[in-house]
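Hello,

Here is the structure I promised to pass on. Have a look at it first, and then read on for what turned up.

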Amino acid sequence: HMSAAGLGGGTYPGSVHVSSTEPVSPDLIVNVSLRVTGAPQVAVQPTPLDFGDALVGGAKTFDLSVANLGTDTLHVTDIAPSDPSLTVSERVFDLAPMRSHAIRAIWTPAGPGAYAGSLTIQSNDANHPSLPVPVTGNGVIEGMLTEPTSLSETLYTGHQVILPLTV
């Protein structure tokens, strides 16, 4: 029985010792070799990417992580945005097994309203050679924006709280 469970790509030599009652060869050693083909596995966090509200004509950034959960090098050959209002800091890179890489996504809303697009990660992951990552946001016209967009708190009588509000 041979198993590649938990092994990275490579060749694993070994031997099997066979004992018998055969008088001519009571002990026999058989050399064995297991060749494991590693496989990259792409993962993205977070998904989907939600930019929230962003000023039309301004740029808003969102950091995401591309990871290789596999046992061989992941070759990211492109991170393709669905349209020109969406860009990324880096489109091509390699990742060793069990490593991650930070990417900055930048969205520049072209007009007001809800946005739905995607970043498509092209790689040598055999199961997901083209991995779409949904991207959402809301373009707003210049004016007063607040973050967060609403505030709520529950207090006991006589207590107070200070909550941050960015305008």
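Which strand holds V30? The place of V30 is in strand 2. Please keep in mind that this is a predicted model.

**The nonpolar patch**

V30 shares a nonpolar surface patch with V16, V18 and L28, and the patch covers about 290 Å². Two strands each supply at least two of the patch residues: strand 1 (10–19) and strand 2 (27–36). V30 has a relative accessibility of 37%, so this residue counts as partly exposed.

**The antiparallel sheet**

Moving along the chain, you will find an open sheet of 4 strands in the order 3-5-9-7, with antiparallel pairing. Strand 3 (42–45) and strand 7 (86–88) stand at the edges; each has a single partner strand, so one side of each has no neighbour in the sheet. From one strand to the next, the twist averages 30°. If you would like to trace one pairing by eye, try strand 3 and strand 5 (residues 60–68), which run antiparallel and are joined by 4 bridges. Q45, for example, has S65 in strand 5 as its bridge partner.

As a brief reminder, strands of a sheet pair through backbone hydrogen bonds, either parallel or antiparallel.

**The mixed sheet**

There is also an open sheet of 5 strands, in the order 4-11-10-6-8, and here the pairing is mixed. Its edge strands are strand 4 (49–55) and strand 8 (93–95), each of which pairs on one side only. Ignoring direction, neighbouring strands of this sheet are turned by 30° against each other on average. Within this sheet, strand 6 (residues 74–81) and strand 10 (residues 113–123) run antiparallel, with 5 bridges between them. V76 has its bridge partner in strand 10, namely S123.

**The aromatic rings**

How many aromatic pairs does a search of the whole structure find? There are 3 of them. One is formed by F51 and F62: the ring centres are 5.6 Å apart and the planes stand at 65°, so the pair is edge-to-face. This pair links distant parts of the chain, since F51 belongs to strand 4 and F62 to strand 5, 11 residues apart. Is F51 buried or exposed? Its relative accessibility is 3%, so F51 counts as buried. Ring pairs also bring F51 and F62 into a cluster with W107 and Y115.

Happy browsing, and best wishes

Methods: Residues are numbered from 1 along each chain as its sequence is written. This is a predicted model: local features need pLDDT of at least 70, side-chain atom pairs count only at pLDDT 80 or more; totals for chains, interfaces and linings use all residues. Side-chain values use heavy atoms; hydrogens and water are left out. Patches are made of residues with over 30% relative accessible area and no salt bridge: like charges are joined within 9 Å, nonpolar side chains (Val, Leu, Ile, Met, Phe, Trp, Tyr) within 5 Å. Accessible areas come from the Shrake-Rupley method with a 1.4 Å probe; for residues, only the protein chains shown count as cover. A salt bridge is a side-chain nitrogen of Lys or Arg within 4 Å of a carboxyl oxygen of Asp or Glu. Buried means under 20% relative accessible area, exposed over 50%, partly exposed in between (1.4 Å probe, protein chains only). Two strands pair if DSSP finds at least two bridges between them. Axes are lines fitted to C-alpha atoms, for helices over the stretch in contact, and angles run from 0 to 180 degrees between N-to-C directions. Rings of Phe, Tyr and Trp (its six-membered ring) pair if their centres lie within 6.5 Å; planes under 30 degrees apart count as stacked, over 60 as edge-to-face and the rest as tilted.
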